[in-house]
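Please find below a colleague's note on the salt bridges of this structure. The points are numbered for ease of reply.

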Amino acid sequence: MSIVFEVKESIRAIDKIGQSKRDAKEKGTSGIHSKKQKVNTMSDCQNFVKWARAEHGVKSLAAVTEQHYQAYIDHLREKGVTTGHMQNVETSLRLLEKGFKQVVEKEQGPTSRFEGFCPSKRLVAQQRGENIRNRSYDANEVQQIRANCSPEVQKAVDLMRGLGLRVKESVNVRREHFKPAGDGWKLQIEKGGGITKGGRFRDVPVPAEFVGRLKQLMQDKEPQERLVQVTVETVRDGVKEGCKKAQIKQDGRGTHGFRHAYARERFNEMATPENKQMMTRILDNRALGRKADYGIHDQQLYKETKAVMDKVHEELGHGESRWALAMRYLRD
């Protein structure tokens, strides 16, 4: 069996596409949960093993060592690839190691002695200040962009800005996913395959100020009908053209800028002034490469602030303790 084929078998072993990432995490069976991640992981790992075979004569994943891993990261650095790409490669190689271990255990039993090849700590650290900037559209920009978009693209913009949906989610969400909840409404997606990132579960309260617009979007729609009748590409192109006509620089924000705006608004709504001050301190720590709670003595306030952040992340479809994402979504 060639090392290239071993990569394919290993990635296949941890293919969890269509399965709930949340459930898999609780069961300890998480792996690859999206087609895009699978494609990227396969590409990264194939490049690695082909390099290891050509440069070091490695013919099997069982023969790959931590030294090969370290040498490959050094190779990427010498090529001048970005920090972000090297971080993604490290993630892919860790998934490869996990998948190959499962393949070995299936063939040789749980007592097999595959030691792995990934170091305990990643070699590529987040650069200070990297990805730290406000990527949200302000209220005036949203209004101007909408005014220069088609009615269907406007619907997608409203769902992204009003509920924090990704662009793919905004064009795939259906009437049946919105349900009355007490005096208001909620978005509830139990099986997110083909809708949410990684098919993740979503249970999000609809902000009171967005209910009126939501009812307009749901009007005359059948349960299985999508609220937006255009494609992801149409929305992206429409937003790009809307920015151009309004003379607004996208500056890398794309459609994600609406989602960032939602995150900031939700945090500001739920956080107390003390929470906001604490979050500023936490993110300053992270920007300096420190632990989130470095030098923080009021652990109760720290935990309360983290709980607010985690709630916002939950509504966005993220997991808990995602400080790196908080740096991008909440830091000015």
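**Salt bridges in the predicted model**

1. The model under review is predicted. With a side-chain nitrogen of Lys or Arg required to lie within 4 Å of a carboxyl oxygen of Asp or Glu, the count comes to 15 salt bridges.

2. One of these pairs is formed by the side chains of Arg161 and Glu265, with an N to O distance of 3.0 Å. Arg161 belongs to helix α7 (residues 151–163) and Glu265 to helix α11 (residues 256–270), so this salt bridge ties together parts that are 104 residues apart in sequence. Glu265 has a relative accessibility of 30% and therefore counts as partly exposed.

3. A salt bridge also joins the side chains of Arg202 and Glu169, at 2.5 Å from N to O. Because Arg202 lies in strand β3 (residues 202–205) and Glu169 in helix α8 (residues 167–172), the pair links parts that are 33 residues apart in sequence. Arg202 and Glu169 are both buried.

4. Within helix α11, Arg266 and Glu269 stand three residues apart, which means that about one helical turn separates them. Their side chains meet in a salt bridge of 2.8 Å, N to O. Arg266 counts as buried, at 12% relative accessibility, whereas Glu269 is partly exposed, with a relative accessible area of 42%. The cut-off for burial is under 20% relative accessible area.

5. Which residues are linked with Arg213 in a network of salt bridges? The network comprises Arg146, Asp158 and Arg213.

Note on methods
Residues are numbered from 1 along each chain as its sequence is written. This is a predicted model: local features need pLDDT of at least 70, side-chain atom pairs count only at pLDDT 80 or more; totals for chains, interfaces and linings use all residues. Side-chain values use heavy atoms; hydrogens and water are left out. Helices (H or I, at least four residues) and strands (E, at least two) are DSSP runs, numbered from the N terminus. Buried means under 20% relative accessible area, exposed over 50%, partly exposed in between (1.4 Å probe, protein chains only).
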